[in-house]
Amino acid sequence: MITTDTPIGKRLLSLDLFRGATMFLLLGESAEVYHALHEAAGETGFFHAVMVQFDHHPWNGLRFWDLIQPFFMFIVGVAMPFSLNKRLEKGEPWAQVFRHILYRCGMLLLFGTGLHCVYSGKLVWELWNVLTQLSFTVLVTFLVIRLSWRMQLSLSLGLLLLAEILYRAYDPASPFVKDANFGSWSDLLLMGKINDGGGWVTVNCLSTAAHTIWGAMAGNLLLSTKPEIEKIKTLVIFGGIGLFLGYSLDWLSITPIIKRIATTSFVFASGGWALLTLAGMFWLVDVKGYQKSVFFFAVVGMNSIFIYLFANIGGGWLNGLVHIFNDGVFGGIGFSPRFYHITNALLVWGVYWYLTYFLHKHKIYFRI
């Protein structure tokens with residue numbers, strides 16, 4: 001933590017925009033917007049190439065959609081110094097703040113494992129989604145947040161190095177083979193199973209803890225009294241370094257960019273994009289004052305955990321409900337199924353947004 005003259009009530013509007021826009025994009029997936037548009041785009045052409053970016057890369061490579069989870073984990077880190085400073089300035093002892101963090105991480109783990117049970121329709125022990133990953137990365141970030149930025153950076157790089165060593169020690173000849181790597185082996189120990197077909201692994205939380213730590217470092221920077229242009233330059237420089245390291249490791253065939261096992265090159269590249277995105281939004285919103293779009297996205301971010309859980313648990317029900325009326329109207333007047341599949345997805349997306357707006361309007365916020 002750092003000592004600043006920032007008032008308790010001051011908000012970082014660019015963070016509201018970043019968090020809200022990321023959550024809004026996630027809701028688009030739950031509403032099946034990208035699936036409907038991809039279906040309409042066909043299998044070739046420019047529009048198809050665009051819509052491919054809204055799906056995870058099958059293995060070695062980086063698409064836009066691969067950045068959403070790193071963005072979310074990075075954003076959580078950015079918000080931590082603001083939240084913790086408020087608590088400390090209000091007089092809460094550090095031990096009480098630590099108990100709150102432990103509770104929060106426990107709830108994230110509970111919600112994350114619970115979602116896997118909902119997906120499976122039965123009790124299962126699985127640790128692959130973003131909430132279970134956050135339960136680890138938030139705790140690690142809290143434990144190092146009072147250290148100097150150099151120590152935080154060193155520890156984050158140490159976690160990346162540890163992950164790299166574990167993968168290479170497990171299979172020196174082919175360390176990054178899908179379903180036959182250190183991550184899959186550790187999942188067999190932890191859960192007695194691997195993520196069949198997807199290649200996701202629980203040990204991702206080790207390397208992606210760097211995203212949350214880097215977010216906290218960025219948050220402390222933005223909280224500081226340094227000139228705004230210096231803050232932006234620092235974010236851009238470190239973001240550029242992240243991109244250079246990530247893509248260079250991949251292009252030189254040292255470590256491939258693989259989101260599904262969060263390789264070192266992937267963490268560097270996605271972390272670089274996160275830092276550059278924050279820098280751009282900070283410059284646009286907090287420095288230049290372009291704030292017209294902030295409210296639309298901010299209301300989504302204000303209840304991010306709630307709407308994420310609602311979309312993942314009740315999304316199928318809501319899609320079905322809207323489907324009855326949407327398809328009945330557009331199908332009845334002769335539109336094609338492809339058309340009303342798109343309108344159905346857009347309507348569900350709109351309902352998600354309105355729900356967060358309704359909660360904000362009535363000052364209802366779900367916190368953990």
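With which handedness does α1 pass α14? The crossing is right-handed, and we will come back to that pair after a look at the model as a whole.

This is a predicted model, in which local features need pLDDT of at least 70 and side-chain atom pairs count only at pLDDT 80 or more, while totals for chains, interfaces and linings use all residues. Residues are numbered from 1 along each chain as its sequence is written, and side-chain values use heavy atoms, with hydrogens and water left out. The pLDDT score is the predictor's confidence in each residue, from 0 to 100. Its mean over the protein chain is 91, and 97% of the residues reach 70 or more. Take more care with residues 1-9, where pLDDT stays under 50. For that stretch the model has 20 contacts (heavy atoms within 4.5 Å) beyond four places in sequence.

Let us turn to the interior. A nonpolar core here is a set of buried Ala, Val, Leu, Ile, Met, Phe, Trp, Tyr and Cys residues joined through side-chain atoms within 4.5 Å; buried means under 20% relative accessible area, exposed over 50%, and partly exposed in between, with a 1.4 Å probe and protein chains only. The largest such core has 53 residues, and Phe74, Trp214, Leu235 and Leu278 have the most contacts inside it. Several helices supply at least two residues each, among them α1 (13-30), α4 (68-89), α9 (204-223) and α11 (264-287). Helices are DSSP runs of H or I with at least four residues, strands are runs of E with at least two, and both are numbered from the N terminus. Helix α11 gives the most to this core, with eleven residues. Apart from it lies another core of 44 residues, including Leu115, Leu131, Ile342 and Ala345. Back in the largest core, Trp214 touches Phe74, Leu153, Ser156, Leu157, Leu160, Val267, Phe268 and Gly271, leaving aside neighbours within four places in sequence.

Now for the helix pairs. Axes are lines fitted to C-alpha atoms, for helices over the stretch in contact, and angles run from 0 to 180 degrees between N-to-C directions. Angles under 35 degrees count as roughly parallel, over 145 as roughly antiparallel, 65 to 115 as roughly perpendicular and the rest as oblique. A crossing is left-handed if the near helix is turned anticlockwise from the far one by less than a right angle, and right-handed if clockwise.

The axes of α1 and α14 come within 9 Å and cross at roughly 140°, so the two helices are oblique to each other. Phe24, Leu27, Gly28 and Ser30 of α1 make the contact with Trp349, Tyr352 and Trp353 of α14. Helix α14 (residues 337-361) also packs with α2 (residues 33-41), at an angle of about 160° and with the axes 8 Å apart. That makes α2 roughly antiparallel to α14, and this crossing is left-handed. Among the α14 residues that α2 meets are Ile342, Ala345 and Trp349.

A third pair is α4 and α6, whose axes come within 11 Å and cross at roughly 40°. That makes α4 oblique to α6, in a right-handed crossing.

Finally, two backbone details. Glu32 sits in the loop between α1 and α2 and has a phi near 70°, a positive value in a residue other than glycine. Its 36% relative accessible area makes Glu32 partly exposed. Lys363, in the segment after α14, also has a positive phi, of about 55°, although it is not a glycine. Lys363 counts as exposed because its relative accessibility is 69%.
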